[in-house]
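Please examine the sequence and the model shown below before reading on. The explanation that follows is meant to be read alongside them.

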Amino acid sequence: MDKWKDWWKRDERGILLVKSVLLAVLPLVCCLVYCAGKGRGLGEVYLPASEWNDELFYYKQVEGMISHGYPLGYFGFNESHALKLSFAAWSPVLVLPWVVWGKLFGWNLMAPVLCNIFLMSLSVFLFVWLVRPSWKQLGILTVLFCLYTPFVRYMLSVMPEVICFSMLIVFYALAINYLRCEKGYKLALLFMISGVLTLMRPYMLLFLLLPAWFWIRRSKWKGAVGALAVMASVLGLYAYIKHAYGAEYFAPLFFTDWVTAFFEQGFFGGIRYGLGKLYYMGKDFLQHTRQGFRTGLASGAFFAGYLVCMFVLIGQSLRDYLNIRKEGKGLRRKGNIFIIEAHLAFSFAAMFFALLLMYKLTEGSKHLLTFMAAALFIIALMETKFYKKAVLVGVTFAYFYSYMAVDDYDYLVPFVQEERQACVNQWQEALAGRLVIDMDDVPSYDNVVIWVLYDAVGDTNINTQWQLLYALPDGFGISCCMPEYVGEHFDTLQSRYICMPPGGVIESRCVQAGYTKIVESEKAVLYQRY
């Protein structure tokens with residue numbers, strides 16, 4: 001009996017497998033519990049009921065990549081398009097896991113949801129398998145995972161955040177495992193994961209620094225040269241992908257005015273400009289954060305959670321560093337987790353300044369979610385008395401992402417609506433026989449639908465019900481256009497089809513021009529121009 005008494009304390013492979021499987025089912029359980037709490041089932045998640053219009057672009061691009069290798073019509077903005085092929089403004093590397101899933105299992109409205117849940121389950125399984133947390137740490141991790149409700153919201157969507165979440169979780173798990181047993185293949189995998197993350201989003205370059213440091217520590221100047229070569233290659237490849245395969249967006253995706261200020265105003269002028277921008281953007285950042293406390297403003301809630309995680313990581317890193325120096329034990333055991341904590345703390349701080357200098361705060365706030373997703377896994381491993389830091393983070397998550405999660409736009413999962421579903425089905429039937437892919441010289445504007453964002457109907461601006469464009473046949477491209485652009489270039493538009501609110505200024509011009517109406521509903525109408 002004695003040998004079974006403390007079975008749960010032993011770190012044998014069988015027990016480790018049990019731990020890994022238990023955590024691997026957690027993402028699915030969280031999704032099921034959320035849906036049940038809303039009186040719904042997982043199968044009732046319905047993407048065309050979402051108000052996140054980025055999802056439409058991601059979904060239809062993946063659909064075209066699966067069915068034809070790439071979309072046969074251009075994705076763009078105000079009829080912009082990539083120099084090569086037909087992708088939108090964001091790196092197509094972001095969606096490759098969905099493409100693989102779609103190739104293996106088919107692509108439909110539930111496919112990205114199921115893929116997201118699988119990716120999260122796989123990542124947490126690998127985290128436990130590689131890191132080997134204790135049962136207490138596993139319990140803390142479970143609680144923090146459940147309290148971080150953006151996991152569920154993004155799993156039940158077609159946004160690529162979950163792809164970034166899962167890859168970064170595996171990255172840090174592998175980094176911890178590498179520090180226990182330094183093998184060359186693990187270092188290569190770390191470079192590969194962080195390199196792919198950088199190709200997805202450029203600020204992920206921060207995570208390339210960790211394997212670079214490992215390599216330098218391992219091989220000195222040879223490692224330094226190799227790491228610099230890898231980082232330069234990844235950045236060069238990202239620049240090429242962005243230049244050749246990214247369509248021009250309405251406005252810059254990130255700002256470099258603080259860099260150009262050094263060339264225009266000199267060194268000290270550039271310093272003054274940069275500090276001034278940090279000051280004013282910092283004030284806006286704090287204003288958003290205060291609104292997150294008071295009203296649940298999503299960007300402010302994300303900022304508040306980010307700050308708490310960042311200060312916890314910085315504080316624990318300093319404490320561990322001082323303890324290591326005091327005890328003189330080098331960088332083993334405590335030192336290993338210190339390296340991970342310190343790197344993630346540095347990445348948090350660097351991303352904080354990048355957000356202030358380079359991004360719009362409201363749009364940039366969602367990029368912080370990936371950092372927090374990784375942080376909760378590292379915080380769960382901290383061996384502190386009474387786990388005060390984990391409790392602080394858990395309370396923060398519970399307050400902002402459950403209690404104050406009042407904005408339906410940012411937090412509410414889209415479930416099927418009979419009226420919306422009937423409308424999408426109506427459009428699918430109407431378009432199936434009328435919109436046919438033109439295979440000549442693809443990609444081309446012959447396979448593009450202009451989505452007019454809104455139009456003036458009487459004295460009111462009405463948004464186009466863009467969710468109906470999920471009904472477009474496989475391979476069609478979508479160009480999201482401002483009404484001002486459409487009005488100014490009406491006679492020289494290149495796309496064959498145009499979709500807008502009925503009864504507005506632009507529809508009246510379509511009627512006058514003799515365009516052919518294909519399908520109409522209460523909030524959207526589609527015309528064929530030629």
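The paragraphs below treat the sheet, two of the helices, a pocket and some features of the backbone in turn.

The model is a predicted one. Its open sheet consists of 6 strands, arranged in the order 1-5-2-6-8-7 with mixed pairing. Strand 1 (76–77) and strand 7 (516–520) occupy the edges; each has a single partner strand, so one side of each lacks a neighbour in the sheet. Helix 19 (residues 418–432) packs on this sheet, where it touches strand 6, strand 7 and strand 8 (525–528). The direction of helix 19 makes about 150° with that of strand 7.

Both senses of pairing can be followed in individual strand pairs. Strand 2 (residues 448–452) and strand 6 (residues 497–500) are parallel and are joined by 3 bridges; in this pair, Trp-451 stands opposite Cys-499 of strand 6. Strand 7 and strand 8, by contrast, run antiparallel and share 4 bridges. These two strands form a hairpin, with 4 residues between them, and Lys-517 has Tyr-527 of strand 8 as its bridge partner. A further helix, helix 21 (residues 505–512), lies across strand 2, strand 6, strand 7 and strand 8, and runs at about 145° to strand 6.

Away from the sheet, helix 5 (residues 96–105) can be divided by the exposure of its residues. Trp-98, Val-99, Trp-101 and Gly-102 are its buried residues. Viewed down the axis of helix 5, these buried residues fall within an arc of 165°, so they line one face of the helix. The periodicity of an α-helix is relevant here: with 3.6 residues a turn, residues three or four places apart point the same way. The buried residues of helix 5 pack against helix 4 (54–68), helix 6 (111–131) and helix 9 (161–180), whereas Lys-103 and Leu-104, on the other side of helix 5, are exposed. Just after helix 5, Gly-106 adopts a positive phi of about 90°.

Within helix 11 (residues 205–245) lies Tyr-238. Is Tyr-238 buried or exposed? Its relative accessible area is 13%, under the 20% limit, so Tyr-238 counts as buried. Neighbours within four places in sequence aside, Tyr-238 is in contact with Thr-198, Leu-199 and Pro-202. The C-alpha atoms of Tyr-238 and Ser-91 are separated by 8.3 Å, although the two residues are 147 residues apart along the chain.

Helix 11 also takes part in the lining of the largest pocket, as one of the elements that give two or more residues to it; the others are helix 4, helix 13 (298–327), helix 15 (361–364) and helix 18 (408–411). This pocket has a volume of about 1200 Å³. Its lining comprises 44 residues, of which Asp-54, Trp-90, Tyr-249, Glu-363 and Lys-366 lie nearest the centre.

Several backbone features occur in loops. The loop between helix 19 and strand 2 contains Pro-443, and the peptide bond from Val-442 to Pro-443 is cis, with omega near -5°. Asp-441 lies in the loop between helix 19 and strand 2 as well; its phi is near 50°, a positive value in a residue other than glycine. With a relative accessibility of 69%, Asp-441 is exposed. Arg-132, in the loop between helix 6 and helix 7 (135–147), is not a glycine either, yet has a positive phi of about 60°. Arg-132 is partly exposed, its relative accessible area being 37%.

How values were computed. Residues are numbered from 1 along each chain as its sequence is written. This is a predicted model: local features need pLDDT of at least 70, side-chain atom pairs count only at pLDDT 80 or more; totals for chains, interfaces and linings use all residues. Side-chain values use heavy atoms; hydrogens and water are left out. Two strands pair if DSSP finds at least two bridges between them. Contact means heavy atoms within 4.5 Å. Axes are lines fitted to C-alpha atoms, for helices over the stretch in contact, and angles run from 0 to 180 degrees between N-to-C directions. Buried means under 20% relative accessible area, exposed over 50%, partly exposed in between (1.4 Å probe, protein chains only). The arc is that of the directions from the helix axis to the C-beta atoms. On a 1 Å grid over the protein atoms alone, a cavity is a set of points where a 1.4 Å probe fits but cannot get out, and a pocket is an open set with protein on both sides within 12 Å along at least five of seven lines; lining residues have an atom within 4 Å of a point. Grid points are joined across faces, edges and corners, and a volume is the space filled by probe spheres set on the points.
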